[in-house]
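Student: Let's work through this model by asking what earns each label.
Tutor: Good. Ask, and I will set each value against its cut-off.

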Amino acid sequence: MLATGLRLGLSTDEVETVRELLGREPNETEWAIIDAEWAEHSSYKSSRALLKQLPTSGERVVLGPGFDAGVVDVGRGYVATLHIESHNHPSAIDPYGGASTGIGGVLRDIISVGSRPIALLDVLRFGDPEKSGHSRWLLRNVVRGIADYGNCVGVPTVAGDIEFDDSFEKNCLVDVACVGVAKKGSIILGEAKHPGDVLLLIGGSTGRDGVGGAAFASKKLAKGPETSRRSVQVPNPFMKKLLLDALLEASQTGLIHGMKDLGGGGLSTALSEVASKGGTGVDVELTRVAVREQGMTPAEIMTSESQERMLLVLGPSDAAPVLEILDRYEVPHSAIGKVTSDGAMKLRWNGRVVADLPAKAVAEAPVVEWPTRRPRRPRPRTRRQREPPVASSVAALLSSPNIASRRWVYEQYDHEVGLRTVLKPGSADASLLRLPNGSMLAVKADGNSKHSFLDPRRGAAGCVAEACRNVVSVGAEPIAMVDHLQFGDPSDPEVYWAFTEALEGMAQYCRDLPLPVVGGKVSFYNEDASTKRAIKPSPIAMVVGLLRGFDRRPSSAFHRVGEPVFVVGTTKAELGGSEYCETVLKVRGGAVPAPEAREDSRTYRAILSLIRSGAASAVHDCSKGGLAIAVAEMCIQDGVGATVNAGRIPGGPLSPAEALFSESHGRFVVSAREESKTEALLRKEGVSYSLVGETRGDALRISAGGKVVASLEVDAIRDLWEKPLARLMG
Amino acid sequence: MTEIQAKVAVVRFPGSNCDLDAVSALRTFRNVKADLVWHEEPSIREYDAIVLPGGFSFGDYLRAGAIAARSPALTRVAESAERGTPILGICNGFQILIEAGLLPGSLLRNASLRFVCKWVTIRVENNSTSFTRGMRKGQVLRIPIAHNEGRFYASKRELRELSDEGRAVFRYCDERGRPTPSANPTGTVDGIAGVSNRKGNVVGLMPHPERATESILSPFGSDDGSLIFKSMLESI
């Protein structure tokens with residue numbers, strides 16, 4: 001029997017495993033530690049085995065998954081670091097605090113490998129903002145939380161992705177990603193290799209906020225979420241800024257042997273992981289942990305997720321310069337224990353041992369496998385519906401909250417601080433950051449839950465494809481990615497089926513491209529206990545790309561009349577899960593776009609050579625809303641119109657709606673500076689393309705079957721596209 | 001460009017976050033020695049010019065700039081101001097200079113009640129301050145803003161005084177230089193984006209010139225922010 005007062009998230013099997021492992025009954029403190037560590041959120045017990053499918057190596061990969069951040073070589077002695085996190089459960093309850101501590105958490109991961117954070121991204125999912133005041137409240141406060149934290153710390157928020165869908169009404173998703181930069185030799189790992197080293201806990205004090213947060217994130221949201229507010233941490237960006245400045249300076253000393261952020265699972269996870277990774281043990285005196293509340297128990301101290309804390313592993317005799325730096329920035333610190341050689345995580349309270357656990361076993365929860373069952377999804381549309389007029393469909397799509405301008409969001413983010421943001425949000429498909437080595441790094445994160453719901457395999461591969469296209473559109477070559485897989489309760493066979501499908505689809509696309517996955521995250525239990533509704537499967541990819549040599553500012557907008565307009569890549573009859581199907585036709589189901597990595601790889605190469613050679617004047621990828629929306633967006637920015645002949649779009653045979661609104665992957669719209677050079681390059685790369693029109697006048701004119709089916713003034717469609725979000729959010 | 005020898009201090013408070021940006025913008029000029037100076041260091045007074053950078057000094061606790069304004073650094077900055085040293089407050093630095101009483105008015109939360117980050121255009125209203133010397137009156141500069149509390153406010157009497165003395169140094173304007181309400185991104189009184197003290201050696205502004213000194217960082221390929229630093233260097 002378990003001691004009273006414990007509410008463990010462990011399964012009966014896991015409870016037995018623990019007893020076997022220790023050969024005795026653990027005490028209350030030990031149960032609490034194991035509970036925090038073996039929570040899905042910290043242990044990846046339901047996903048770890050399957051995640052091995054993802055390709056994780058490549059010539060640029062310095063450090064793959066399993067550490068606080070992935071590390072990739074960006075040339076000339078520098079590396080970029082990347083990490084993605086979600087803070088879904090906390091944000092559903094306290095959107096402001098949840099989102100800001102999400103930013104805090106991902107920043108810590110980047111800082112803890114010894115790199116300087118240079119950009120933040122956010123991927124957000126909410127219910128329908130037109131119908132739901134709750135979703136608007138969440139959106140408003142999530143954005144404010146991200147803004148207040150990121151802006152204060154001085155790391156620009158440069159890109160992101162927002163989707164609205166009813167399935168996120170109760171469970172919004174708040175994914176935050178961070179990119180850092182460091183000199184190649186200065187990366188610090190989260191490990192304690194040397195017995196005798198000192199464990200230094202630095203930063204904020206430990207309180208009861210966020211106690212059991214990881215366990216909380218590994219359950220469904222229950223009714224009356226107010227009771228869970230205690231599981232949400234309290235943000236303190238000012239402390240984070242001091243921590244950041246101090247640690248960046250301290251990292252330069254070369255005296256930090258290991259560094260680990262305190263995130264999910266708090267001190268429990270941090271201590272067992274540094275010991276487990278380093279093949280050592282730890283001996284810690286818990287009364288040396290600075291607490292901000294009286295009467296905290298060892299268990300509470302070990303599982304608290306109070307923010308702005310970091311664990312440093314320092315040499316026993318040469319730590320003084322590091323301490324001096326921490327003192328100068330007024331960052332509190334306390335030596336809480338030392339590294340041992342016996343593999344045990346030994347915790348003391350006034351000298352008395354209160355927990356003694358094998359660190360490695362605690363750090364690695366047993367793998368759980370769940371049954372799978374393919375769900376019934378809406379049947380593909382077979383009967384042809386009457387298609388509404390093209391002009392009204394384009395108008396409806398442009399003003400759909402899923403496609404409309406994100407200006408209301410990104411203007412609240414300081415996207416300039418740091419003097420690196422060369423291409424800014426709203427002006428291009430991906431943001432472009434200047435690196436200290438003279439190269440540029442393109443960053444973008446994407447996902448498509450409507451595609452992923454109907455076909456998780458294609459949808460997950462598609463989110464990688466979309467992020468790659470965005471990076472390619474600004475002239476950068478994709479070099480690495482991190483993923484985030486978000487699903488409902490894994491014990492539901494249909495949910496777990498979707499998870500396995502998504503993972504396989506993503507892994508295959510990455511292997512075939514190829515593109516290494518250097519880190520990632522899994523978030524289960526995104527469902528509402530009262531309505532029993534899970535979110536639509538939401539795999540997300542953040543892709544980074546490298547651009548060497550920057551002579552011409554890439555543009556995603558038509559800026560000169562009289563230029564030929566090409567469509568590159570094949571359009572297929574793939575309207576399933578498209579914005580057109582869901583928003584205009586109000587139909588769910590149909591064939592979801594299938595990404596083809598090998599073909600896409602050729603197309604990316606072709607687009608990059610068009611940009612590098614200067615043959616392309618403007619490049620924009622085709623994603624949500626399809627080709628018609630891609631062209632409309634290219635017209636809107638600089639007020640230059642265009643003609644498009646739907647009959648000439650490569651692919652087919654296609655109906656006008658399929659040609660214009662299908663969201664097939666691997667496609668770009670290109671306006672060319674030089675027509676013949678462009679054609680020659682495209683032919684040489686062997687990709688499908690065709691000339692579909694030209695930039696002209698101040699209207700978008702679409703023709704099909706020999707007649708004009710839409711003629712839309714650019715000023716009018718700009719209005720439709722620019723205003724919806726600002727209007728909804730007031 | 002004339003040969004300049006100048007030592008410029010960029011004062012770093014805990015929570016400053018545009019300090020490194022200001023230093024790197026200043027270092028785009030030849031013959032400038034730009035140092036990060038920790039706010040407690042007495043050496044601030046030895047510099048030819050002082051920049052108070054943007055950020056969230058002391059976490060913006062109490063009010064933006066309020067705590068930094070009471071730090072020993074500001075006593076030293078005030079002494080330098082008295083001696084005529086050019087002093088520039090950018091964003092949070094502007095908030096600090098107002099809180100310290102070195103500049104008039106106050107900065108309220110933006111009219112939208114939201115943080116606003118965007119490129120705007122401002123018009124030079126007075127080209128005789130230490131930071132606008134060498135510009136044309138009426139010249140339009142492209143420059144970004146990024147703040148939550150930048151809605152300049154002053155009483156009618158103060159405003160009249162500011163106007164009469166030419167101390168409303170910058171006003172938000174449209175691309176053609178017209179100070180229209182829609183060109184005013186945060187609802188400041190009279191479209192004011194920056195002000196000076198009587199002598200014209202202390203200037204504060206909400207926009208960030210350090211973010212507009214390199215054409216590669218500007219969506220327009222401009223580098224108008226460098227004009228402000230150039231004027232400063234020429235005023236030393």
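Student: Which residue follows α6(A), and what is the sign of its phi?
Tutor: This is a predicted model. A:Gly114 follows α6(A), and its phi is positive, near 85 degrees.

Student: How do you know that α6(A) spans what a helix of its length should?
Tutor: Helix α6 of chain A, residues 95-112, has 18 residues. The expected span is 1.5 Å times one less than the number of residues. That gives 26 Å here, and the C-alpha distance from first to last is 25 Å. The span is therefore close to the expected one.

Student: What makes α6(A) mostly covered?
Tutor: A residue is buried if 20 or more other C-beta atoms lie within 10 Å of its own. In α6(A), 18 of 18 residues are buried, so the helix is called mostly covered.

Student: Which domains does chain A have?
Tutor: The domain assignment gives domain 1 as 59-363 and domain 2 as 383-404 + 555-730. Their C-alpha centres lie 42 Å apart.

Student: What makes the two domains of chain A count as touching, and how many residues take part?
Tutor: Contact needs C-beta atoms within 7 Å. Domain 1 of chain A gives 7 residues to the contact and domain 2 of chain A gives 4. On the domain 1 side, α7 (133-153) and β5 (157-164) of chain A each give two or more residues. α7(A) gives the most, with 3 residues.

Student: How do the residues on that side of domain 1 of chain A divide by class?
Tutor: There are 3 nonpolar, no polar and 4 charged.

Student: Why are β23 and β26 of chain A called edge strands?
Tutor: They belong to an open sheet of 4 strands, in the order β23-β25-β22-β26 of chain A, with antiparallel pairing. β23 (616-621) and β26 (689-694) of chain A each pair on one side only, so they are the edges. The twist averages 25 degrees from one strand to the next.

Student: How do you know that β23(A) and β25(A) pair?
Tutor: Pairing needs at least two bridges. β23(A) and β25(A), residues 668-672, have 5, in the antiparallel sense. The pairing therefore holds. One bridge joins A:His620 to A:Val669 of β25(A).

Student: Which strands do helices α20 and α21 of chain A touch or cross?
Tutor: α20(A), residues 597-613, lies across β22 (564-568), β23 and β25 of chain A, at about 145 degrees to β23(A). α21(A), residues 626-638, packs on the sheet and touches β22, β23 and β25 of chain A. The direction of α21(A) makes about 135 degrees with that of β23(A).

Definitions and conventions: Residues are numbered from 1 along each chain as its sequence is written. Chains are lettered from A and ligands numbered from 1 in the order in which they are written. This is a predicted model: local features need pLDDT of at least 70, side-chain atom pairs count only at pLDDT 80 or more; totals for chains, interfaces and linings use all residues. Domain bounds come from an automatic or database domain assignment. Ala, Val, Leu, Ile, Met, Phe, Trp, Tyr, Cys and Pro count as nonpolar, Asp, Glu, Lys and Arg as charged, and the others, Gly among them, as polar. A residue is buried if 20 or more other C-beta atoms lie within 10 Å of its own, exposed if 12 or fewer, and partly exposed in between; C-beta atoms are placed from the backbone. Axes are lines fitted to C-alpha atoms, for helices over the stretch in contact, and angles run from 0 to 180 degrees between N-to-C directions.
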